[in-house]
Every structure is written in C-alpha cells, then in structure tokens.
Amino acid sequence: MTVYIVGSGPGDPELLTLKALRLIREADVILYDELIGEDIKELIKRESRAILIDVGKRAGKHKKKQDEINELLVKYGKEYDRVVRLKGGDPFVFGRGGEEIEVLAEHGIEFEVVPGITSAIAVPAYAGIPVTHRKYDPALVFITGKQERERLDWEALARLNATIVILMGVSNLRENVEKLLNHGKDPNTLVAIIENGTTEKQRIVRGRLSSIAEIAERENVKAPAVIVIGGVTEVSEKVKDYLKNLKIP
C-alpha cells in the first residue's frame with residue numbers, strides 16, 4: 001500500500017509527467033485539488049477508474065480543511081493499494097506536500113513523492129517571461145502571498161537585487177505591494193500578473209509596483225495567478241509576436 005503525492009503541473013495537461021499520468025491510470029483512489037485545473041479534472045475522469053475525491057482548495061474556499069485531507073490520506077492509505085494525492089504545480093512548492101508526508105510517516109504509511117512542474121516557473125515561461133536572465137536581476141525569490149503568521153523580512157526582500165515571484169498572491173496583492181514600497185522597493189519596478197497561466201484563458205496584466213494593485217482591481221484579476229516583480233517581465237513584450245505557446249492579449 002502506497003500513497004503517491006503527485007504534482008500535476010501548472011494546468012496544461014501536456015505538462016503532466018509520464019509518471020504522474022501512469023499513476024493516475026493505475027490509482028484506486030485519487031484525492032485532487034481545485035488548482036489542478038479543469039482540463040486535468042477532465043483527464044482524470046477520462047483516464048482513471050479510481051474513486052475520485054474532490055478536496056479542492058482555492059483561496060478562501062476550502063471544501064476540505066488540511067486536517068481533514070490528512071485524515072483521508074491515512075484512511076485510504078490503509079485501505080487501498082494505490083492512493084494518489086494529486087496537487088497543482090509541484091507538491092513541495094507551497095503545496096503542503098511536506099505536511100502530508102509527515103502525517104503519513106507518523107501513521108506508518110509508505111509514500112512516494114512525484115514532483116510536478118511548478119507554476120512559479122512554468123506560468124511565466126508560457127507568457128514569455130524567463131524568471132532568470134543575464135541582463136536582469138541575478139537572483140530569484142519565490143514567496144507565498146499568504147502567510148499563516150508574519151515571518152518574511154520585507155526590508156531584506158525589498159533591498160535584494162532579485163526577481164520576485166509570488167504564488168497565491170492576488171487577494172493580498174495591495175498589502176504585499178505596500179510592504180515592498182514601504183521598505184524601499186523602487187516604485188517603478190515592472191510587474192506582470194499572469195492569470196490562468198498555461199491554459200486557453202491565460203491573461204497578462206502589467207504595470208509598475210506603484211500602480212499594479214489599482215490595475216489588478218480595475219481588470220478584475222482573479223486567482224489562480226502568478227505575480228512576477230522585476231525588469232525581466234519586459235522580455236515577453238519584446239517576443240510576444242513570436243510566442244507560440246499561447247496568444248497574449
């Protein structure tokens with residue numbers, strides 16, 4: 001009996017790993033998140049004969065609390081041979097996969113982690129934004145837009161010569177932007193928000209740090225979205241006429 005903690009990637013079904021797809025087909029039970037996206041939901045319904053359990057979590061709308069999901073993993077992990085916990089992106093990049101494997105280990109349940117392509121890199125890439133580029137900031141920082149408790153050193157982050165990628169940051173965008181500005185981040189820093197990245201609904205909203213909160217509110221930006229802060233975002237403007245992944249409005 002094994003529980004597989006599987007990353008489904010950023011939303012495009014073709015970015016599923018071969019191993020993830022095999023496990024989906026072989027699973028007895030699949031517990032899946034909301035953020036795997038509609039296309040992958042359709043894929044698991046089509047490709048799998050497993051019991052499908054929607055434990056969907058989206059900002060502010062949790063069908064199951066994390067403790068309840070942990071209990072289900074333990075329950076099904078003891079009852080079935082192959083249980084897949086299917087998570088958006090990569091399970092260890094702000095995905096609570098680490099918490100889940102700790103619970104499984106505490107209950108003596110074997111598990112395997114199957115990495116997925118993280119949206120922190122793939123979503124900007126589909127939009128023509130390389131998160132690293134020799135002409136721009138020499139460092140890259142991933143942060144979560146929501147913290148259970150305030151632990152981030154905003155002053156250090158604002159001073160760091162780095163591209164900042166924020167996941168799960170739409171609802172707290174204004175608050176986080178204000179923290180960066182209040183701690184000295186250049187208000188003219190370029191920002192791009194990629195909504196529904198790697199899907200046909202992908203949209204990019206652009207601005208500068210000083211104005212991006214107002215622009216996002218005016219444009220009614222919704223989760224899921226990846227926020228990229230830094231000069232590297234201008235690369236997509238230079239290449240957009242030749243970008244074949246997806247059209248950028």
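User: Two strands pair if DSSP finds at least two bridges between them. With that in mind, over how many bridges do strand S2 and strand S6 pair?

Analyst: In this predicted model, strand S2 (residues 29-32) and strand S6 (residues 82-87) pair over 4 bridges, in the parallel sense. One residue of the pairing is Tyr32, whose bridge partner in S6 is Leu86.

User: What is the order of the strands in the sheet they belong to?

Analyst: The order is S3-S2-S6-S1-S7, which makes an open sheet of 5 strands with parallel pairing. At the edges are strand S3 (51-54) and strand S7 (111-114), each of which pairs on one side only. From one strand to the next, the twist averages 15°.

User: And S1, how many bridges does it form with S6, and how many with S7?

Analyst: S1 pairs with S6 over 6 bridges and with S7 over 4 bridges. The sense is parallel with S6, and it is parallel with S7. As examples, Thr2 has Arg82 as its bridge partner in S6, and Val6 has Val114 as its bridge partner in S7.

User: How many residues of S1 are buried?

Analyst: Of its 6 residues, 6 are buried, so S1 counts as mostly covered. Both faces of the strand are covered. Thr2, Tyr4 and Val6 are on one side, while Val3, Ile5 and Gly7 are on the other.

User: Which helix lies across S1?

Analyst: Helix H4 (residues 97-106) lies across S1 (2-7), and also across S6 and S7. Helix H4 runs at about 175° to S1.

User: Which residues of H4 are buried, and why are they on the same side?

Analyst: The buried ones are Gly97, Glu100, Ile101, Val103 and Leu104. They are on the same side of H4 because they cover an arc of only 155° around the axis. An α-helix has 3.6 residues a turn, so residues three or four places apart point the same way. The elements that cover the buried residues of H4 include S1, helix H3 (66-79), S6 and S7.

User: What about the face turned away from that buried side: which exposed residues does it carry?

Analyst: That face of H4 carries Glu102 and Glu106, which are exposed. Just after the helix comes Gly108, which takes a positive phi of about 70°.

User: H3 came up a moment ago. Is Asn70 in H3 buried or exposed?

Analyst: Asn70, which is found in helix H3, counts as buried because its relative accessibility is 10%, and buried means under 20%. Setting aside its neighbours within four places in sequence, Asn70 is in contact with Glu100 and Val103. Glu100 and Val103 are among the buried residues of H4.

User: Changing topic: how many aromatic pairs does the structure hold?

Analyst: The structure holds 1 aromatic pair. It joins Tyr76 and Tyr80, whose ring centres are 5.9 Å apart.

User: Why is that pair called tilted?

Analyst: The planes of the two rings are at 45°, so the pair is tilted. Planes under 30 degrees apart would count as stacked, and planes over 60 as edge-to-face. Tyr76 is buried, with a relative accessible area of 14%, whereas Tyr80 is partly exposed at 26%.

User: Which residue lies over the face of Tyr76?

Analyst: Lys75 lies over that face, at 5.5 Å from the ring centre.

User: Back to helices. Where does Ile44 lie, and what is it in contact with?

Analyst: Ile44 lies in helix H2 (residues 38-47) and is buried, with a relative accessible area of 0%. Beyond its neighbours within four places in sequence, Ile44 is in contact with Ile24, Tyr32, Ile36, Leu52 and Leu86. Two of these, Tyr32 and Leu86, are bridge partners.

User: One last helix, H7: which of its residues are buried?

Analyst: In H7 (residues 173-182), the buried residues are Leu173, Asn176, Val177, Lys179 and Leu180. They are on the same side of H7, because their arc around the axis is only 155°.

User: What do they pack against, and which residue follows H7?

Analyst: The buried residues of H7 pack against helix H6 (154-159), strand S9 (162-167), strand S10 (190-195), helix H8 (212-218) and strand S12 (225-229). H7 is followed by Gly184, which has a positive phi near 105°.

Technical notes. Residues numbered from 1 in each chain as written. Predicted model: local features only at pLDDT ≥ 70, side-chain atom pairs only at ≥ 80, totals over all residues. Heavy atoms only, no water. Helix = DSSP H or I, 4+ residues; strand = E, 2+ residues; numbered from the N terminus. Buried < 20%, exposed > 50% of the residue type's maximum accessible area, 1.4 Å probe, protein only. Contact = heavy atoms within 4.5 Å. Arc of directions from axis to C-beta. Axes fitted to C-alpha atoms, helices over the stretch in contact; angles between N-to-C directions. Phe/Tyr/Trp six-rings, centres within 6.5 Å; stacked < 30°, edge-to-face > 60°. Lys NZ or Arg CZ within 6 Å of the ring centre and 35° of its normal.
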